[in-house]
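Visitor: I have the sequence and the model open, and I'd like to know how the labels are earned. Could you take me through them?

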Amino acid sequence: MKKWLLILPLLLIVFGSSAQLYIEPIAGYGTDLNNKLPGFNLLVTGVQLEKKTLSGAGWLFRFDVDYGTAAKSSDSSFTTNAALPVFAPADKSIRPVLYNFSTGLRLKAVKLNKTNHLLALLYAGVSWQKFNVDYTYRKSDYSILNPDINRDVLGIFLSGGIEYMHEYANGRFFADALISTPPAKKDFSPSTFRFSAPLTFTVGYSFIISKKITK
Amino acid sequence: MKTSSILPDALLFALCLACLGCTKNLTTVVEDKERRGLAIFSNTKNNLMTCYIGATPWRTSPRIVTFLSGGTRYELTVAKSATSSALDTLSFNWSGAFLGNINQTGNIGLVLPVPKTFDYTTFLSLQGQRLAINTSNGYFTLNLVNNNTVYGKGTGNIYFHKAQLDSIGPRIYGGTLSGIFDADFNTIKVENGRFDHSVGSDVNVFLR
C-alpha cells in the first residue's frame, strides 16, 4: 500500500495546477493476441487523466482493469481406482484479470476537420496479470495430468495505438484501438496459456476539470 | 620466478576442484495446490515421484548430476532380474524421504513378473495399463530406513500413463516413465503416488 503513495508526488508534478486537465472514463472490449484459447475475452474498464500542453500533445496517466471472461476447455484425469474408468475429462476454466498502470502521450496525427481528429497513443507502464484456474472433476479419485495452476506476474509493458476523437463544446468523445505487449518477465512455469498481450477497443469521454493551460 | 611457474598449475588445480563440486539438479517440482506437499501428475520428465505415506508427504531425492566425475544420483532404478521360474521379475525402486525431514529416508518399490523375453521394446506394453496388484501378480515394497521398518508385500493399483524406451544408439535407449499408484501394506497406506521420470539404459534401467 505504501508503494502506491510514492505515485502521489509524480501525480503532482505531471498534473500540476497550471494545466488543462481532463478526466476520462474508459470502457471497452479486448482480445488476447498471446493466447488462442476459446472464450479468452476481456472487458476493459478504466480511467485516465490528461494534461494538455500548448503544442496540442497530451500527457496521460491511465489505470485500467481488464476482466477476462472464463476460457473453458478440458484436460485429462486418471485414476487407479479399479471401480472407475481409468480416464475422465476434467473441465477447466481459466479467468484472467489484468491491472494496468501506465503513463503515455496522446499526439495529434491527422486533423479531419475542426472537431474530428485522429491521434496516436503511446503508453509505458506496469501490468499485474493474474490467471485463476479452476477445475471441475472428481477430486477424491482422479489426478489431472499436467494441470494448469494459478499464476500471476508483475512486469513492465508498452502499448500503442490510434484514436478517433470528436470534440464537443464541453468535452470530447473518443474511440481507441490499442495493442499491448505482455509483461516483460521470463515465463518459466509450464502452462497451456501465456501472459496476456491484449488488443483492446475502447470508448471514452473527456470531462474537463481545469481549463488553465501550461505556458 | 618459481611462483609464476606454479601459479597456472595451481589455478588449474583449483578450477578442477571447483568443477568437481559443480552439480546440476535435474528434478523439477511443480506443487499440486490441492494436495499439499505433492507434485502435480505430469509426463514432462520432471524426475520425481511424490506420494503420501500414512498421510505424510514423501518425495524422491532430486536427480543430481555431478560434473567432471560424471556421476548421477538417480531417484528411480528399473531392473529386470532372472529367476528359475517361468517368469523373470521387473522391479521399480524409488528412493526418497519424507518431506521436511530428509533424514527419514526410505524406498518404495514394485515387483512385477514379466516374460523372460521382456526387453526395452516390450517395455512399451506397460503403457496405458492399469494393473491391480494383489501379491500373486506382483507386489509393492516399502522400506523406511530410519524407522528400521520393512513392510511386507503390499497390494495396490498402478496406472502406467507413459512407459517408453526408444533405441537411440547401439545398445543405448532412453525414454519416459510416468503414472500414478496406490499401495496398501495393511498397517500403512501409500496414497496419491504420481511419478514422472526420464529413463535410460545408461544407469537407471537394466533390462538385460
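Guide: Sure, let's start with contacts: residues 24 or more positions apart make up 56% of the contacts in chain B with a separation of 6 or more. This is a predicted model, in which local features need pLDDT of at least 70 and side-chain atom pairs count only at pLDDT 80 or more, while totals for chains, interfaces and linings use all residues. Residues are numbered from 1 along each chain as its sequence is written, and chains are lettered from A and ligands numbered from 1 in the order in which they are written.

Visitor: What makes two residues a contact?
Guide: Their C-beta atoms, placed from the backbone, have to lie within 7 Å. On that basis the contact between the chains takes 18 residues from chain B and 13 residues from chain A.

Visitor: Which strand of chain B gives the most to the side that touches chain A?
Guide: That's strand 12 of chain B, with four residues. By class, that side of chain B has eight nonpolar, five polar and five charged residues. Nonpolar covers Ala, Val, Leu, Ile, Met, Phe, Trp, Tyr, Cys and Pro; charged covers Asp, Glu, Lys and Arg; the others, Gly among them, are polar.

Visitor: How do you know what counts as a strand in chain B?
Guide: Strands are DSSP runs of E with at least two residues, helices are runs of H or I with at least four, and both are numbered from the N terminus. Chain B has one helix and 15 strands.

Visitor: Why is strand 2 of chain B called largely enclosed?
Guide: A residue is buried if 20 or more other C-beta atoms lie within 10 Å of its own, exposed if 12 or fewer, and partly exposed in between, with C-beta atoms placed from the backbone. Five of the six residues of strand 2 (residues 48-53) of chain B are buried, so the rest of the structure largely encloses it. Over chain B, 33% of the 208 residues count as buried.

Visitor: How do you know that strand 2 of chain B pairs with strand 14 of chain B?
Guide: Pairing takes at least two bridges found by DSSP. Strand 2 and strand 14 (residues 189-200) of chain B have five, and they run antiparallel. One of the partnerships is B:Leu48 with B:Asp196.

Visitor: And what do strand 2 and strand 3 of chain B form?
Guide: A hairpin, with two residues between them; B:Gly54 in the turn has a positive phi of about 55 degrees. Four bridges join strand 2 to strand 3 (residues 56-60) of chain B in the antiparallel sense, and B:Thr50 stands opposite B:Arg59.
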